[in-house]
Amino acid sequence: MTQQTLETVFEEWQGNEALAEEMIPLLGTLYRQYNIVTSLFGRSLINQSVIRILKDHRFVKKVEGTELSVCDTFPLVKAMVDLKLGPAHIDVGKLAVAFKNSDEKDVTAFLKRELAEIVGGHDAKNGNGEPKDVVLYGFGRIGRILARILIEKAGGGNLLRLRAIVVRGRGDLSKDLEKRASLLRRDSVHGPFAGSIAVDEENSALIANGNYIKVIYANSPSEVDYTAHDIHNALVVDNTGLWRDEEGLEQHLACKGVSKALLTAPGKGDVKNIVYGINHDDITSDDRIVSAASCTTNAIVPVLKVINDHYGIEHGHVETVHAYTNDQNLIDNYHKGDRRGRSAPLNMVLTETGAAKAVAKALPELSGKLTGNAIRVPIPNVSMAILNLQLHKEVDVEGVNDYLRRMAIHSPMQKQIDYVDSAEVVSSDFVGNRHAGIVDAKATIAEGRNAVLYVWYDNEFGYSCQVVRILQHMSNVSFLVFPKDRD
């Protein structure tokens with residue numbers, strides 16, 4: 001390779017960096033001023049670094065086989081700012097590929113045609129609409145990740161406003177608040193909080209990126225009057241798992257200032273178990289208590305749904321290789337559950353999972369067709385579900401993978417199903433992934449009417465993203481999506 005070639009390659013990289021830097025404030029304007037949530041083949045472009053944006057452009061070639069650079073997307077983003085668009089989710093990558101493949105030369109004319117429903121739809125007078133108050137009841141692993149996501153999304157079209165967290169007891173207030181802030185600020189798995197966090201000891205609150213979050217101390221829901229903190233018609237997200245049926249969760253509804261409750265664990269009895277992207281439309285205006293099911297159920301149901309729709313599932317077995325959780329012991333000690341008393345960091349622990357049976361609550365057509373088990377392994381986050389399925393149709397690896405790739409990119413379940421085709425990925429590569437589950441194409445086995453699918457999932461972050469999607473749906477926050485799927 002000549003020196004001139006080396007310099008040309010480096011200059012091209014620098015040019016792309018400069019365009020990405022110029023693109024970032026435009027993406028911010030679209031988000032905060034116009035409620036436009038931008039993505040690149042499903043990868044969010046909001047609050048991303050220059051390098052992240054460039055890597056996501058590279059990702060397009062891996063999954064779509066099409067070269068895409070910021071030189072292709074920047075003109076579209078720049079033109080979108082001038083169109084005074086109404087609220088929407090827009091995949092800039094898909095639009096850029098469509099523009100490249102068209103005979104159109106005028107970017108603005110192309111966008112006016114593709115985004116006709118929202119061009120000029122910005123309502124400057126009414127702004128972003130009225131935000132919905134959200135309360136996190138419990139501030140453990142899921143509670144703190146939900147807080148991070150809600151704070152990150154504040155100020156755009158999310159319309160969910162984190163107003164308070166409820167924790168048990170109350171010791172030394174100054175130490176307690178600082179410890180809560182520190183746990184939100186630093187995370188051994190997910191890294192540092194993206195922003196700043198301050199403690200308002202006098203008013204018992206945390207201030208995170210300008211979000212004023214009241215810290216309420218209570219040992220039961222009955223002790224809380226949210227209206228005393230100017231919180232009204234709130235959605236309470238119960239992260240404790242202490243109550244999983246209607247009778248227990250109705251304690252939240254009895255509190256002043258609460259309109260609905262969402263459980264971040266599998267619900268029991270008549271509580272609806274919702275997997276966003278699958279059965280979220282089952283939530284009616286009369287439903288005041290719903291469950292977001294489990295992380296494993298969220299990971300496997302979307303994949304099972306698309307496989308069943310296309311190939312038909314006769315029966316199958318789900319084996320979950322799951323990261324250990326706070327429910328297990330660090331060292332051997334008494335535990336009411338079988339085997340879970342043995343040291344989590346030192347053992348693989350065979351245990352039960354209700355995920356296979358729970359699938360039927362979201363996909364009734366698979367009732368009685370699946371069995372399941374789980375192995376807890378010595379890692380703190382990211383799990384895998386192995387779906388061993390017998391199908392109605394003959395399959396092969398290439399056909400199954402191509403179908404799942406298309407579902408991950410061009411179906412309404414784009415945010416639920418991700419797709420990776422690399423022989424080098426391991427569990428830590430999926431920390432922070434926002435999808436419910438990620439199909440590992442290189443691991444797929446398919447022959448005759450049998451298929452074995454390997455689905456990774458961040459059992460903390462990916463699941464929390466699903467919870468937030470349910471919150472948005474329960475708050476009637478919905479957006480048009482562009483471009484319309486052509487497949």
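Guide: Before we start, a term: patches are made of residues with over 30% relative accessible area and no salt bridge, joining like charges within 9 Å and nonpolar side chains (Val, Leu, Ile, Met, Phe, Trp, Tyr) within 5 Å. Accessible areas come from the Shrake-Rupley method with a 1.4 Å probe, and for residues only the protein chains shown count as cover. A salt bridge is a side-chain nitrogen of Lys or Arg within 4 Å of a carboxyl oxygen of Asp or Glu. The model here is predicted, so local features need pLDDT of at least 70 and side-chain atom pairs count only at pLDDT 80 or more, while totals for chains, interfaces and linings use all residues. Residues are numbered from 1 along each chain as its sequence is written, and side-chain values use heavy atoms, with hydrogens and water left out.

Visitor: Which residues form a nonpolar patch on the surface?

Guide: Phe-10, Trp-13 and Ile-51 do, together offering about 310 Å² of accessible area. Ile-51 sits in helix α2 (residues 50-64); helices (H or I, at least four residues) and strands (E, at least two) are DSSP runs, numbered from the N terminus. Buried means under 20% relative accessible area, exposed over 50%, and partly exposed in between (1.4 Å probe, protein chains only). Ile-51 counts as partly exposed because its relative accessibility is 40%.

Visitor: And a buried residue: what is Asn-16 in contact with?

Guide: Contact means heavy atoms within 4.5 Å. Asn-16 belongs to helix α1 (residues 3-34) and, at 13% relative accessibility, counts as buried. Leaving aside neighbours within four places in sequence, Asn-16 is in contact with Leu-54, Val-70 and Cys-71.

Visitor: How do I read a helix, say α7? Which of its residues are buried?

Guide: An α-helix has 3.6 residues a turn, so residues three or four places apart point the same way. Helix α7 (residues 173-185) has 13 residues and reaches 18 Å from first C-alpha to last, close to the 18 Å expected (1.5 Å times one less than the number of residues). The buried ones in α7 are Leu-173, Asp-176, Leu-177, Arg-180, Ala-181 and Leu-184. Down the axis of α7 they fall within an arc of 130°, so they line one face of the helix; the arc is that of the directions from the helix axis to the C-beta atoms.

Visitor: What do the buried residues of α7 pack against?

Guide: They pack against α6 (141-153), β5 (160-167), β6 (197-200), β7 (205-208) and β8 (211-217). Turned away from that buried side are the exposed residues Lys-175 and Lys-179.

Visitor: On to charges. How many salt bridges does the structure hold?

Guide: There are 20. One of them pairs Asp-287 with Lys-272 (2.7 Å, N to O). That pair links distant parts of the chain, 15 residues apart: Asp-287 is in the loop between β11 (272-273) and β12 (289-291), and Lys-272 is in strand β11. Asp-287 counts as buried at 14% relative accessibility, whereas Lys-272, at 29%, is partly exposed. Asp-133, Arg-161 and Arg-163 are linked in a network of salt bridges.

Visitor: What about the backbone? Which residues does a cis peptide bond join?

Guide: Phe-482 and Pro-483, with omega about -5°. Pro-483 lies in the segment after β20 (480-482). Also look at Val-382: its phi is positive, about 80°, although it is not a glycine. Val-382 is in the loop between β15 (370-377) and β16 (383-396), and its relative accessible area of 2% makes it buried.
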